[in-house]
Each structure stands twice: as C-alpha cells, then as structure tokens.
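This report introduces a structure to a reader who has not met it before. Please look it over first, and then read on about its cavities and its symmetry.

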There are 2 protein chains.
Amino acid sequence: MLLVGLMSGLCLRGFWFNHEHCCWLSNETTFQERDRCPQWQSWAELITGKSEGPFAYIMNYLMYIFWALMFSFLAVILVRAFAPYACGSGIPEIKTILSGFIIRGYLGKWTLIIKTITLVLAVSSGLSLGKEGPLVHVACCCANILCHLFTKYRKNEAKRREVLSAAAAVGVSVAFGAPIGGVLFSLEEVSYYFPLKTLWRSFFAALVAAFTLRSINPFGNSRLVLFYVEFHTPWHLVELAPFILLGIFGGLWGALFIKANIAWCRLRKTTCLGHYPVTEVLVVAALTALLAYPNSYTRMSGSELISELFNDCSLLDSSQLCGYKQVNTGVDNSLADRPAGPGLYTALWQLALALVFKMMITVITFGMKVPSGLFIPSMAVGAIAGRLLGVGMEQLAYYNHDSVIFKGWCSQGADCITPGLYAMVGAAACLGGVTRMTVSLVVIMFELTGGLEYIVPLMAATMTSKWVADAFGREGIYEAHIRLNGYPFLEPKEEFEHSSLAVDVMRPRRMDPALAVLTQEGMTVGEVESLVESTHFSGFPVVVSSESQRLVGFVLRRDLLISIDNARKRQDGIVSASQVVFTEHTPLLPPDAPPLLRLRCIMDLSPFTVTDHTPMDITVDIFRKLGLRQCLVTHNGRLLGIITKKDILKHMAQMANRDPDSILFN
Amino acid sequence: MLLVGLMSGLCLRGFWFNHEHCCWLSNETTFQERDRCPQWQSWAELITGKSEGPFAYIMNYLMYIFWALMFSFLAVILVRAFAPYACGSGIPEIKTILSGFIIRGYLGKWTLIIKTITLVLAVSSGLSLGKEGPLVHVACCCANILCHLFTKYRKNEAKRREVLSAAAAVGVSVAFGAPIGGVLFSLEEVSYYFPLKTLWRSFFAALVAAFTLRSINPFGNSRLVLFYVEFHTPWHLVELAPFILLGIFGGLWGALFIKANIAWCRLRKTTCLGHYPVTEVLVVAALTALLAYPNSYTRMSGSELISELFNDCSLLDSSQLCGYKQVNTGVDNSLADRPAGPGLYTALWQLALALVFKMMITVITFGMKVPSGLFIPSMAVGAIAGRLLGVGMEQLAYYNHDSVIFKGWCSQGADCITPGLYAMVGAAACLGGVTRMTVSLVVIMFELTGGLEYIVPLMAATMTSKWVADAFGREGIYEAHIRLNGYPFLEPKEEFEHSSLAVDVMRPRRMDPALAVLTQEGMTVGEVESLVESTHFSGFPVVVSSESQRLVGFVLRRDLLISIDNARKRQDGIVSASQVVFTEHTPLLPPDAPPLLRLRCIMDLSPFTVTDHTPMDITVDIFRKLGLRQCLVTHNGRLLGIITKKDILKHMAQMANRDPDSILFN
C-alpha cells in the first residue's frame, strides 16, 4: 500500500513510491546499499537533514504518530459523515443478507466509495487491522450495483444473492490472490445457500479476478500469491506434536479473542463509550502508534510481518530473524540448523513483545467505526507464536540431536526444522480458531504460500484449532457479531436439538385471539381494509370460509393494499361495500350490488404448509433449505396458524436461555 | 503397481520388485547403467538368455500379450463369479445411491474384496483404464461395512449417506494423494446433499487418509503428490490462446467420447454382444496388448506416461521426448528453448499414434465387465495432445522469436515455453470435458502436480472445456451412464424449465380411478387389508372422512401390513370386522363390537404437501432439497393426489422426449 510508505518517509522520485519500490528503481546494485538508497528519505532527514541520532529518531516517531492520527481521523470522519455502513469487516452483515434479510443501503454506491477510501486510510494508519473482510464487502457492493443494471437480477432476489455469493469469492480472490480459496470461503463461511451452479459461476468470477490481478502484477513477481515461500525440507512425523500444539494455541486464542472482543463490543454498545466513536478511534490509533513504533516487528505492516515470519532463512539473509551463529560443520549444507546468535535472541524478545501487543490491541480494534478486517491480525498473532515455537524446536534439535526424539532424522549439520513452516501453521491455526474455517482456510494457506507439500500439518493444526475453540463456544467471530447485533440469521450449521412441535411455535398461541384470515368470498372491501389496518402482519392466509378454515392461498399485505388502492382509483364503482373475491368463478350477486373486486391474481396459490405435529427440527430444516419467510400450519386440512422466521428465531433464543427480544427485524 | 512389472520381465532380487525399484537397489552409480542393471531381466533373457535381436523382441512381445490376456481373464472371471457389481467405475451407482436409491449388495463385502483384487489385475493387464473411480467405490464399500458396526449409522440412512460422501472424498484422496481435491470431488461430482458438517468431516477423513498415505510413502519421495513437477518459467499472457485451444480440444473430445461410449454401451446392451462379456474383455485386452507393445508410449502404464509427459526437460534428461539439438547460444541458460532433434521427432510421431490409439481404445474399454476408471486414460489423451501442442509452440517460438507474437517476451536463448505445462493443461481439459468437473478438477491438478502458479491456465482450460462440451450435451459421462442404466436419479444441477403444475404430474390422472385412501375411523381390518392387497402402492394417505378428504397423515404399506399381522397374532379378538382407528380419541362403539385396532403410532403425522397450483419447478426443488420420495397434493385443504419421485422422473423424461418407461425402480 502506497500510504504505508508515507508513514516513515518520502521518496524523492515521486511521493507515490513506497520504500521498496523507490529503492528498487535506484541504480545501486548491492542489496545492502539499495536498502538505504539516497532517493528515500525519512521524515527526520527531510525536515532536519539528519538521518541518525536520538533527535532524528524522536522526529520520525512523532511523524509516525502524526500520520497514524491523521489517517485514522480521516477514515472515521468519512465513515461517519457519508456511509455509516462502511465500518467493520462487513462479513457478518453479508452473511445475514445472503440468508434473506434486507439491509437497505448496505451494498450501495456510497458504501462502496467510502469503504474503498477509508480502507486504504485505515490500513495505512498502522492500526491492527487487515483489508480482507472489507474487500469482500467492497466486492459485494460492486456486484449489487452491477445487478441493478440487469432486469433479470434487479427483479429476482434469489438470483441476486447468487451473484453476491460469487462476489464474496472474488473479494477473497483479490485480497489474497487465492481464487480457489475464495470460492471455498464463499461456500463454507459466507453463503447460505450455495447451489452447484453458483459454484462454477463463482469459480469463473474468481478466475477473471485472478487473471486481472496477474495482469496488474501488484507483487512484482509474476506470481499470484501474496507470501511466496519456498521451504527446502520435508517435515517429519515427530513434528506433528508441535503442530498440534500450535493448533491448541490457535483454538484457545480464537475462543479467548471472541469472548474478549464480544465483551468489549457489548461494553461499547451499552455504556457511554459508544457515543464517542471518533475519540475512540483516535485514542486507539495513538496508542497503537505509540506502542508499535519502538518495536520493528509491530512497526511494519501486518502483511510485511507475516511475509518475514514465513520466510525460511538462507545463509545470505540479512534479517535479524536469521541472526544465527555461523558454524562450520564440515558438511556442505548451507541450510543446516545452526545455533542462535545474539541477533536472533533480540528478535525473539521483540517478537514475544509484539505477540502480547498484537493480542491486546486487536481485541479493541476489531469492531471500531472504521473498515477493519481480521484475517491479517489473526494470522500475524499465529505466525509470531509459530515462529517462536519453530526457533525453539530448532534450537532443541540442534543441542539435543542425539536424544531419542531427534535421533534418526535430525543428525548434526542437517536442516531438519523449518521455523517458517511453524509460522505458517501457527497463522492457519489462529485464523481457524477465530473464524472456524477448515477446508477453505487450508486452501487459502496453500495459495498464499505455495507450500503444497504441507497439507497434512496445516490440516492437523486447523482441525485441532477448530475442536479446541468449539469446546469453548460453537460460534465463530462472525456468528458472534451477528448475534451481538441481533440480525435475524438462521444458523445453517447448528442443529436444532429440541423436541418441540410446530404447534408450540406457531402464532396464535392458545390464549391469543384467532388468526387474522380473509375468506375467498363474502368479505367487502371495507372489511378487508379494516382487517389490514387493525393488524401489522405482512401477509394474510385466504380460506374457503371462516367455518371450514380450509386454506386456499396467501396474500401479501403490500399487494393487497396496492390492489385495493389502484382499484378504487381506476375501476369504476369500487366502493367499501364492494365484495372482494379470490375464487375463479363469479358468485351470484343481487342486481343492485356494486361491482366485484377480483383479487385471485395477487394470491399465492401454493403457500407452504406443515401440519401441527411436524417436529420443529424438520420445520427449521425446511425454512433453511427453501429459504422461507413464513409457513402456514394446518391440522387435518384446516388452517391453524402461521410460523414466521421471527417466531423460529425467538423460539431458538428462548431454548438457549437468551432474550428473545434481542432479535432485530425489518 | 507390482504386476505391471511382470508384464515385461522379472527382478532376480525378488519377483515383487518392479523395474525401477529393482534397479534402484543395485549398486551401479551412473544413471544410464542403472537403467539396465543385471538384476532385471526381460522375459526373453530369462527364457532364451538373449536380450537383443528380433527373436528376443518377439519373445517379449508374446509374453506381454500372454500376461495381458492372463490378467484380464482372471479379472473378468472373478467379477462374473463372485461380485457382478464390482465392474465399471462405480461412480454413477454411488451418485444414485447417495440420491436415495438403494442397490442391495452394491457396497457389500464381496464387492469390496473382488473389486480390490480385480482392480489390480485389470490395471496390470495393460488395458486403457485407471484406478481412481474404482478406488472411490472401494472406499465407499469400506465405509458401508464400517457403518454396519455402529447402531447410529445402521439405523439412519441419511447419516450413512453422509459417511459415504466422506468415503468418496477419501477414495480420491488416496487415489491421487489429493485430499482437498477429494473433498471437492465429493462435493461437486458425487454427493447429492452435502451439508457443511459433512464438509469438515470429509476433510478430516481425507486428512487421515493423506496422513496414512504419507506414512506408507508409496512414491518414495516424502511427497503426497503422484506426479511431482517443477516448472522453471512463469507463463505469458500470449500462451492463454493455446491453453484455450487445449480447452476446446478437451471439450470436443469429452463430448465425442461420451457420445461414442454411450452408443457402444447401448449396442452392448441391446445386441447379442452383451452375452459374451468374457470374450469381449479378452478380445479388447489382446487388441490393446497387440497394438500397444510396439509403441513405447502406449506400452508404459497410464500414470508413467502422464508423469513423463508432465516432466520438464532438463539438459541431462535421457528421455526421447527431450531429444533436442544442443545449441550453444552463448547465454548461460541450460533450459533455453532449443530446436528439436531427430529423437524428438520420432517421439512426436509415436505420441501422435499413441493419441489416436488411446482415443479409440478407451471408448470400447470403459464400461466393460472389469473395474475401470476413466481419470487416467482421459488425462493421458489430454497430456499427449498438450505435449504435442507444447512442443509445436516451442519450435514456433524458437524459429520465430522475432515475430510480433513472441517479440518482447521470448528472445533467443530464453526458456519461454514449457511443453510439460501444456501437457498438464491438456490433461485437465480432457478430464474436464469428460466429467464436467471444474473447481475440484483444478484443485486435484494442483495437488497432483504441485504447480500452484498455474491456476489461471488450468482454470481457463477447464472452463473452456466445460463450455464446449456442454454445447454438445449437458450430461457428463457419469450422468450419461446413469441415464443409460435407467437409475432413478434426480439431477441436482439441471434446472426444470417447463411450466407444468403439480396437478399435471400427480396421480391419479383425470381419467384414473380415485386415489386409494384410508379414513381415520370407520374402516374395518378386512377393508384395509383388501385395499392394501388390491393395490401396489407403497403408502396410503389417511383422511378424516371420504366425503371431506381432509388429510390427516400418511401410512406406509409395510408398517400397515406388519402392524395388522402382529395384532392378529398377539392382540386378543382382532378379527376382520374390527375397526381400525387413526384418531387420538376412542370412538363410541356398540357393546358387542370386536375390540379396536389403534394405529395412530404408525402414521406419519407430518406428510409433506403442496397445493395443486404449485409450479413443478418448485416441486422438483422441494424433492431435491428435502430428499423426498413422495409428496401429497391438496386443493383448498382437500386431498387430491400424490406425486412420487418416479412420477417426476417420468414427467421429466416425457418433457425431454425420452421413453418414460426406461426408468428403473426398486
């Protein structure tokens, strides 16, 4: 990202180059030299002309904090002023929208524009947040706006949702350069209903996105992947133990993070803290900048950090993480395990501090009123933990290569432990613990790193992480936020495990007044109007007669009101005393009666019905699979009541001892 | 495979070593020498003591044909004698079973044992078939047998189907060493209903399978992948044109193959050809061996061929495919494009002949009465075509590196075209054309080859191939075989596009006698028995009374017969005149009446219903998503008729102008 560069200095070639690109173009050939090319000047150099010494350091520090505050202020102000929906990651809301709920303006053009701008600002401000979730939201906005151009999609909501599923795949595809991982992410995490047709359409969309990305070539290496790593050693069976340990760490951290983050967000919602979002963002940004600058691992951006941690050390590597002692083992193996030197010990201390810092700050950052993704921070936490464990294992193997554990596969002078691989596994485990993804996560990690041979370690860590985290609570971070915000989302993964029947959930209850129904003939326009006005239901069943209660169809409130209104305006002689008929045949009328209002055309002739004895688990299944909003309940062919999605969600909240009124409805 | 070795010779170290392993253990150090180690003796050497000359060649040729006939004879005899279900690939049948149809014995222990043995024999006999499809069948057999050990799965068919879905994933996982590809294959191609829970269970199963495979280490390289390739050059945008060309070839071949194979299988089914399966197998095996031996590319096994075609040529490569002229370009690039030498031209001719041969022989091989997979032969065809095109492109680039197309990215002495990559793309395209897989295919190719950077070429070729093939017919080979065999399979991918209503499909039709129903009270045991005996329906709706026709529930024929039978045997005084009641309350009876038979407990109180005006596309959707076998049709609360899965399949066949009576039912 261009603006990240601005945080630490300016390129004299043009302000749009960041440090690396600026120096890349310079003519110095040695690598060391190129890193400190004269065209790149830190802020202290620019202002005071000095590049060394404590004064310059403080100068740079202050400029860093200044830019952090500047960017985050701009981001939060833009979000508040123009598009309040542009904050957060957007994935919980998109999940809810794909399950059938409508949030007006959530995928509109203002959200698109503001989210794109503020995302760049927020990432550049050094806050502990990533760009992946918001990019999914941005892709869905684009898709939604494009849908409005085609009648086919504007009219049909189900088709539009399929397009949005594909857009979610595209979002991840461009965020990570991982097209297949994107499709699987959409399938596993975001989408509610994912027919096979959507699978290969998403696949096509992701293909085009990957292709476009490759043409633009943003990483400058003709590769699609963001963090390309090449490991030289296969892993050994014994290493599965530390990998599973990383899985356990990831699961624990995921569960803890979700609990802490939800508690913090609830605090924000319920106390006066929530009234000052701008101040909150500024305080967090200042705190982040203040604490992050002194530690080089927190100063760099999240993706740079991950990239460095994933990297395997070669002999020529100048990074502090590769500060091993040079040992001549006599064996010609430039990548053999070596003892740690002082550089590496410093790096390990810094990393440990960075781990604590990242763990703390991410909890309070996610959920603020700026666009904020969770992938990169989670992966950074896991990568740090993994790298620490990896270096530890490496040293253990180096000093104990004759012990029982290492004997046979890790002789002296051999390269047997790859700390970068541990970082990769740790990143997958932590991301898995937070989001509870499995297959899609492993595929994304593949595509990110190109480390295809490490399927089994990644799978083992991801599964362990999911199991451990599930033991503390079955919800991933997105489901937890959905519940926190009270969106009406019928979780497709959770099974309904109570033995209630449809009759226990339907309205009206035993004590309530009878269900408001229309009869297929015999009611007048005035009666229908007063029935509609006296209730707030969004639809009414039509029955043969109020005695027989045999169901004919279902009419939506909106259609009923519009039809009556139109008829009164255009059709001659429709008055309050006119009879409303829903039948095919015309009833016999006295000659002086006002003309009929025929409304069969607006009636849904195939409403879904279940019997009163249907177990609720089957009913919930029908609602999920067919995407229903309501369903009528019959007993021996007579209409008894109605079950709406709201009733089901309230019933489920009651069963889980939660407040049923916390659920939001449109 | 061990037995493949036997086809050409014997290892003196022990007959269980094949050529490569036999020589690997020998002490000769030079690569050339090791290939002709003294421990490995061809049949001619063993019998006559001579290893060169026309006589030895003919000797080896005859032994090759002998073994081919021997193995294929054993395979077909074993299949016919012990397990007729062990033939074919098994994937069409597993798809049908997962959609809810039951084929007794298809997943039994005999099928498992015989299929495992005959698969080894069939692959070793040199027939043009692969082991992947049958391995999926074998894995499903194992899963089904394991399911019988647990009550939870023995009783619940839906749960068992979930286990079978996971087993399909495991089958591909072990066949290719591709765990994620396996899960996606199960999702995209095999499974009918794939909830997210199954996704991560399959994932776990595939993980364990991959882990076991790695522990056994069958490929001897600590890698999971079957054909590990390393390409050195990224691809260029211009190359997309030949990749798409390969996609078109794959699509055309796929469509042609399906048409030809189905026509051949239909011929076998309808004419007397089908009465001599053993002769057929022997003739095809003899023909294959006769034609395959002279050409070294058809003599080697399918996976060896693919592996060789995927391989990139290095300078030291001794393969004929790498018979380039050595040119000193002055640039120090050992992998630069070189002009083709005579060795390569010979190889190209042989490959072209092999392509024609493989295309022909696979059509008549797939569907014979031996276990036969389609993956390897399809991939071989594609890989040959791809390699030919790749070498062509390479020569074109070498001789025209100044033309408009190649200028700028392919200067003289550069390594710009990788023929191995073309082979890989071609293999994916042909497999895609035959099976119509998309995402799972790309992932399998990844995992097979480790070529993660080539997502976009693979995706482009697969999509093109699917589009081209779909233009000639929307069915993949498995769907085509399902239809050929008349299995009752409700295709989940195809949309129902006719405007019929439920009332048009339901039974009874307008002219038919009324639907056979039971009333909830008033019928005697004798009346019920005579109703059941006079019809062949597998279930009967229960209504309030025959006048009102209001639906109460649904009773299965089997439950009804068992209950009446039990009651007559055990309950005192149940005679033909006893009244059958389905109500909760006990009706008032005259004091001298025989005791009641209460059957409410066997009645399904929540049968699925749709109204007569429900469009058939919605009805079909409900059947698919809820996995129904029948659904009742009502009009204004009165029971009108019933729709079964059979009615829907017959209606769909009628709509597509096919014979509705070709559908098979159990």
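## The largest cavity

On a 1 Å grid over the protein atoms alone, a cavity is a set of points where a 1.4 Å probe fits but cannot get out, and lining residues have an atom within 4 Å of a point. Points are joined across faces, edges and corners, and a volume is the space filled by probe spheres set on them. In this predicted model, the largest cavity holds about 190 Å³ of space, and 14 cavities reach 30 Å³ or more.

The lining of the largest cavity has 15 residues, with A:Thr609, A:Thr634, A:Gly637, B:Thr609 and B:Thr634 nearest its centre. Strand S9(A) gives the largest share of this lining, three residues, where strands are DSSP runs (E) of at least two residues, numbered from the N terminus.

## Two copies and their axis

A turn of 180 degrees with a shift of 0.0 Å along the axis lays chain A on chain B with an RMSD of 0.2 Å, superposed by least squares on the C-alpha atoms of residues with pLDDT of at least 70 in both. That is the relation of a two-fold axis. Among the residues of chain A, A:Gly637 comes closest to the rotation axis, its C-alpha lying at 2.3 Å.

## Conventions

Residues are numbered from 1 along each chain as its sequence is written, and chains are lettered from A in the order in which they are written. Local features need pLDDT of at least 70, while totals for chains, interfaces and linings use all residues.

Methods. This is a predicted model: local features need pLDDT of at least 70, side-chain atom pairs count only at pLDDT 80 or more; totals for chains, interfaces and linings use all residues. Side-chain values use heavy atoms; hydrogens and water are left out. On a 1 Å grid over the protein atoms alone, a cavity is a set of points where a 1.4 Å probe fits but cannot get out, and a pocket is an open set with protein on both sides within 12 Å along at least five of seven lines; lining residues have an atom within 4 Å of a point. Helices (H or I, at least four residues) and strands (E, at least two) are DSSP runs, numbered from the N terminus.
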